[in-house]
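This report walks through one protein model step by step, beginning with its interior and moving outward. Please keep the sequence and the structure in view while reading.

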Amino acid sequence: YVDDDDRLCAAGHATQASWNGSVAGLPGGWDRMLADSFDLDDRAPDTLGALAVVVDPTWTGQGLSALVLAGFKASAARRGLRRVLVPVRPTEKSGRPDLDFDAYCALRRGDGEAVDGWIRTHERCGGEVVGISPLSQHVEAPLDAWERWAGRSLVGEPRAHVPGSLGPVELDHR
């Protein structure tokens, strides 16, 4: 999506995927879905797999995320794909490291809508949470990188909270 001056305001990135629609058949998260899209073997793509929705910070709160999600649906329909699968990264989960993903994703406001704004946007667009993949994006890095991201020493800690992470980081000190 572009503004009146042709500047990019929001964009969505997606790939083709194959998914049977069942919880058991979910690809296991974002990185597994992306890898599977390159290895469909004899499976015909039947699903549009969303990889990212990016909105320029000056345009947040303007409903562009919902427009990108609608664009995913329209793109899937044009290509004859049966469904859209969006591995959602709950944007506010990092503020609740004390909760596991199931508990966090189940949190509701007084009006019944999801506490997390990104989950709420998806639900308002007709999406539903069909499964939780707490290991959706696996990141391996040396201890010094994790310490930089954490802003402190992590020596001897088996698990640590790193600001911005959605859950505790498991540390292997071998």
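## The largest nonpolar core

Which residues make up the largest nonpolar core? In this predicted model, that core has twelve residues, namely Cys9, Ala10, Leu48, Ala50, Val55, Leu64, Val68, Leu69, Phe72, Ala76, Leu81 and Trp118. At least two residues of this core come from β2, and at least two come from α2, the helix of residues 64-78. The most is given by α2, which contributes five residues. A second core, separate from this one, has seven residues, among them Trp146, Ala150, Ala160 and Leu171. As a general background, nonpolar side chains in soluble globular proteins tend to be buried together.

One member of the largest core, Leu81, can be followed through its contacts: once neighbours within four places in sequence are left aside, Leu81 is in contact with Pro45, Asp46, Thr47, Leu48 and Ala76.

## The overall layout

The protein has five helices and five strands, and from the N terminus on these elements run in the order β-α-β-α-β-α-α-α-β-β. Measured out along its principal axes, the C-alpha trace spans about 55 × 40 × 35 Å. The protein has 174 residues, of which 30% count as buried. If one considers the contacts between residues at least 6 apart in sequence, 57% of them join residues that are at least 24 apart.

## A sheet of three strands

Strands of a sheet pair through backbone hydrogen bonds, and this pairing is either parallel or antiparallel. Here, three strands form an open sheet with mixed pairing, and their order across the sheet is β1-β2-β3. Because β1 (residues 10-17) and β3 (residues 83-85) stand at the edges and have a single partner strand each, one side of each is left without a neighbour in the sheet. On average, and with direction ignored, neighbouring strands of this sheet are turned by 35 degrees against each other.

Between β2, which covers residues 47-55, and β3, the pairing is parallel and extends over three bridges; Gly49, for example, has Leu85 in β3 as its bridge partner. Helix α1, made of residues 30-37, lies across β1, β2 and β3, and this helix runs at about 125 degrees to β2.

## Two helices that cross

Two packed helices are described by the angle between their axes together with the distance between those axes. For α2 and helix α4, the latter covering residues 117-124, the axes come within 10 Å and cross at roughly 50 degrees, which means that α2 is oblique to α4. The crossing of α2 and α4 is right-handed. On the side of α2 the contact is made by Ser65, Ala66 and Leu69, while on the side of α4 it is made by Trp118, Thr121 and His122. Two of these contact residues, Leu69 and Trp118, are also listed in the largest nonpolar core.

## A residue in a loop

Where is Arg152 found? Arg152 is in the loop between α5 (residues 143-150) and β4 (residues 159-160). Its relative accessibility is 37%, so Arg152 counts as partly exposed, since that class lies between the cut-offs of 20% and 50%.

Leaving aside neighbours within four places in sequence, the contacts of Arg152 are with Glu147, Glu157, Ala160 and His161. One of these partners, Ala160, also belongs to the second core. Arg152 and Val162 are ten residues apart in sequence, and their C-alpha atoms are 9.4 Å apart in space.

Note on methods. Residues numbered from 1 in each chain as written. Predicted model: local features only at pLDDT ≥ 70, side-chain atom pairs only at ≥ 80, totals over all residues. Heavy atoms only, no water. Pairing = 2+ DSSP bridges. Helix = DSSP H or I, 4+ residues; strand = E, 2+ residues; numbered from the N terminus. Axes fitted to C-alpha atoms, helices over the stretch in contact; angles between N-to-C directions. Contact = heavy atoms within 4.5 Å. Core = buried A, V, L, I, M, F, W, Y, C linked by side-chain atoms within 4.5 Å. Buried < 20%, exposed > 50% of the residue type's maximum accessible area, 1.4 Å probe, protein only. Parallel < 35°, antiparallel > 145°, perpendicular 65-115°, else oblique. Left-handed = near helix turned anticlockwise from the far one by under 90°.
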